[in-house]
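The following exercises concern a single protein chain. Each task is followed by a solution that proceeds in steps.

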Amino acid sequence: RLGLHHLGVVAEGRGDAGAAGELFTRAIAADPSCVHSLLALARLKAAAGAPSDAEVRLAARERRAGGV
């Protein structure tokens with residue numbers, strides 16, 4: 001999972017938000033508790049003007065973890 005996350009970070013650094021989002025999504029699919037990828041995907045979604053989707057993903061992760 002962290003391998004996918006790190007590849008997403010590299011893609012984001014190259015300015016390829018599409019590839020980064022796909023890699024972060026794959027990392028989350030492999031491990032839904034991967035907070036780093038959840039936050040990175042939320043950041044990408046917010047930058048693209050879609051914070052509501054990012055907020056939904058983070059809220060779902062917190063519910064699964066027994067938080068909010």
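**Exercise 1. The chain as a whole**

Task: State what share of the contacts with a separation of 6 or more comes from residues 24 or more positions apart, and then describe the overall make-up of the protein.

Solution. Residues 24 or more positions apart account for 28% of the contacts in the protein with a separation of 6 or more. The model examined here is predicted. Its secondary structure consists of four helices and zero strands, and reading along the sequence gives the pattern α-α-α-α. Of the 68 residues in the protein, 29% are buried. The accessible surface comes to about 4100 Å², and carbon and sulfur atoms hold 59% of that surface.

**Exercise 2. The length of a helix**

Task: Determine what span the 13 residues of α3 should have at 1.5 Å a residue, and compare it with the distance between the end C-alpha atoms.

Solution. The expected span is 1.5 Å times one less than the number of residues. For the 13 residues of α3 the expected span is therefore 18 Å. The end C-alpha atoms of α3 are 18 Å apart, which agrees with the expectation. Just after α3, G49 takes a positive phi of about 85 degrees.

**Exercise 3. The packing of two helices**

Task: Describe how α2 and α3 pack, and identify which residues make the contact.

Solution. Begin with the geometry: helix α2 covers residues 17-30 and helix α3 covers residues 35-47, and the two pack at an angle of about 150 degrees with their axes 9 Å apart. Their crossing is left-handed. Next, list the participants: α2 contributes A17, A20, G21, F24, T25, A27 and I28, while α3 contributes S37, L38, A40, L41 and L44. Sorted by class, this contact has nine nonpolar, three polar and no charged residues. Finally, consider burial in α3: the buried residues there are S37, L38, A40, L41, A42 and L44.

**Exercise 4. The surroundings of one histidine**

Task: Decide whether H5 counts as buried or exposed, and name the residues that H5 contacts beyond its neighbours within four places in sequence.

Solution. First, locate the residue: H5 lies in helix α1, residues 2-13. Second, apply the cut-off, by which buried means under 20% relative accessible area. H5 has 10% relative accessibility and therefore counts as buried. Third, leaving aside neighbours within four places in sequence, H5 is in contact with F24, A27, H36, S37 and A40. Lastly, consider a distance: H5 and G21 are 16 residues apart along the chain, and their C-alpha atoms are separated by 9.7 Å.

Notes:
Residues numbered from 1 in each chain as written. Predicted model: local features only at pLDDT ≥ 70, side-chain atom pairs only at ≥ 80, totals over all residues. Heavy atoms only, no water. Axes fitted to C-alpha atoms, helices over the stretch in contact; angles between N-to-C directions. Left-handed = near helix turned anticlockwise from the far one by under 90°. Contact = heavy atoms within 4.5 Å. Nonpolar A, V, L, I, M, F, W, Y, C, P; charged D, E, K, R; others polar. Buried < 20%, exposed > 50% of the residue type's maximum accessible area, 1.4 Å probe, protein only. Areas by Shrake-Rupley, 256 points an atom, 1.4 Å probe, with all protein chains shown as cover.
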